[in-house]
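Student: I should like a close look at the internal spaces of this protein and at the helix packing that accompanies them. Please treat the enclosed space, the open space and the helix contact in turn.

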Amino acid sequence: MSTFVLVHGAWQSAATWDLVAPLLEENGHRVIAPTLSGLGTDQNALSPGITLQQHIQDVSLAISKCSGRVVLVGHSYAGMIISGVAETNPSQIGRLIFVDAFIPDDGQSALDLLPTSIGEYFRNVAREHGGGWRLPGGEGQLDLWGLKPGEARDFVRDRLCDFSLRCFEQPISLPTDQKRSLPATFIECTAQGYPARPFFKPFADKARALGWHVVDVETGHDCHVERPAEIAAFSCLI
């Protein structure tokens, strides 16, 4: 059996894994969903001083407490985080799973991996509504992620929190790019009419070019909420 370390994306919290985690545990796996600084249960501590590097350190600390190698799973923005963790802790990782997530190269930030217009939009939102750094969570994210009215959308809405532009702006340091030498899987979300798909499809294509295992799931961005049993079952088979 494996230890799964589940890392959530921007505007979400560790509780976004609440549907998948029990299914993994039912199959005998251990599950850890780290709290990222300033997010989820720590959201009252969100500040402009919290960056991508802090989130990498949060997850690295959680992994350091595990015995043996872990399956490190990152959704969306967390592709940045797990890439950074792999750089400093490659011997502790048995497999990386990128769930519709960013795949950065050395020196890139999340904003570098998005269309320029999206970066400008985020900066405008932060300037007008967040003191230059805060990105409020709300219905706009749910729309972008392709969540239709219903239980899945309500589930994610209840777990939304604000996010920091600084996490999107900080470049990642991957001088040896250890993730390329580790077993890796990419889960591509492919529902028709999922608005953010054009932003994440290039990473699925990149994963294929790297020779990674790529599987598609016909959902919006939050496949682990829309189809938790499918995601848990797939993860157990890796």
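Tutor: What follows takes the cavity, then the pocket, then one helix pair.

The model is predicted, and every value below is computed from it.

The enclosed space comes first. When the whole structure is searched, 1 cavity of 30 Å³ or more is found. The largest cavity has a volume of about 50 Å³. Its lining is formed by Leu6, Trp17, Val20, Leu24, Val73, Ile97, Val99, Ile187, Ile231 and Ser235. Three elements each supply at least two residues of this lining: helix H1 (20-26), strand E4 (93-99) and helix H10 (228-237). Thus two helices and a strand are among the contributors to the wall of the largest cavity. In terms of residue class, 9 lining residues of the largest cavity are nonpolar and 1 is polar, while no charged residue takes part. Ser235 is counted as polar because the nonpolar class is confined to Ala, Val, Leu, Ile, Met, Phe, Trp, Tyr, Cys and Pro, and the charged class to Asp, Glu, Lys and Arg.

The open space is next. The largest pocket holds about 390 Å³ of space. It is lined by 24 residues, of which Trp11, Phe122, Gln141, Leu144 and Trp145 lie closest to its centre. Helix H4 (116-129), helix H5 (139-144) and helix H8 (197-209) each provide at least two residues of the pocket lining. Of the contributing elements, H4 gives the most, with 4 residues. The class count for the lining of the largest pocket is 17 nonpolar and 7 polar residues, with no charged residues. Charged residues are therefore absent from the linings of both the largest cavity and the largest pocket, by the class definition that assigns Asp, Glu, Lys and Arg to the charged group.

The helix pair completes the account. Helix H2 (residues 52-64) packs against helix H3 (residues 78-88) at an angle of about 60 degrees, and their axes are 9 Å apart. H2 is therefore oblique to H3, because the angle falls outside the range of 65 to 115 degrees that counts as roughly perpendicular and is not under 35 degrees. The crossing of these two helices, H2 and H3, is right-handed. On the H2 side, the contact is made by Leu52, His55, Ile56, Val59, Ser60 and Ile63, and on the H3 side by Met80, Ile81, Gly84, Val85 and Thr88. These contact residues of H2 and H3 comprise 7 nonpolar and 4 polar residues, and no charged ones.

Key. Residues are numbered from 1 along each chain as its sequence is written. This is a predicted model: local features need pLDDT of at least 70, side-chain atom pairs count only at pLDDT 80 or more; totals for chains, interfaces and linings use all residues. Side-chain values use heavy atoms; hydrogens and water are left out. On a 1 Å grid over the protein atoms alone, a cavity is a set of points where a 1.4 Å probe fits but cannot get out, and a pocket is an open set with protein on both sides within 12 Å along at least five of seven lines; lining residues have an atom within 4 Å of a point. Grid points are joined across faces, edges and corners, and a volume is the space filled by probe spheres set on the points. Axes are lines fitted to C-alpha atoms, for helices over the stretch in contact, and angles run from 0 to 180 degrees between N-to-C directions. Angles under 35 degrees count as roughly parallel, over 145 as roughly antiparallel, 65 to 115 as roughly perpendicular and the rest as oblique. A crossing is left-handed if the near helix is turned anticlockwise from the far one by less than a right angle, and right-handed if clockwise. Contact means heavy atoms within 4.5 Å.
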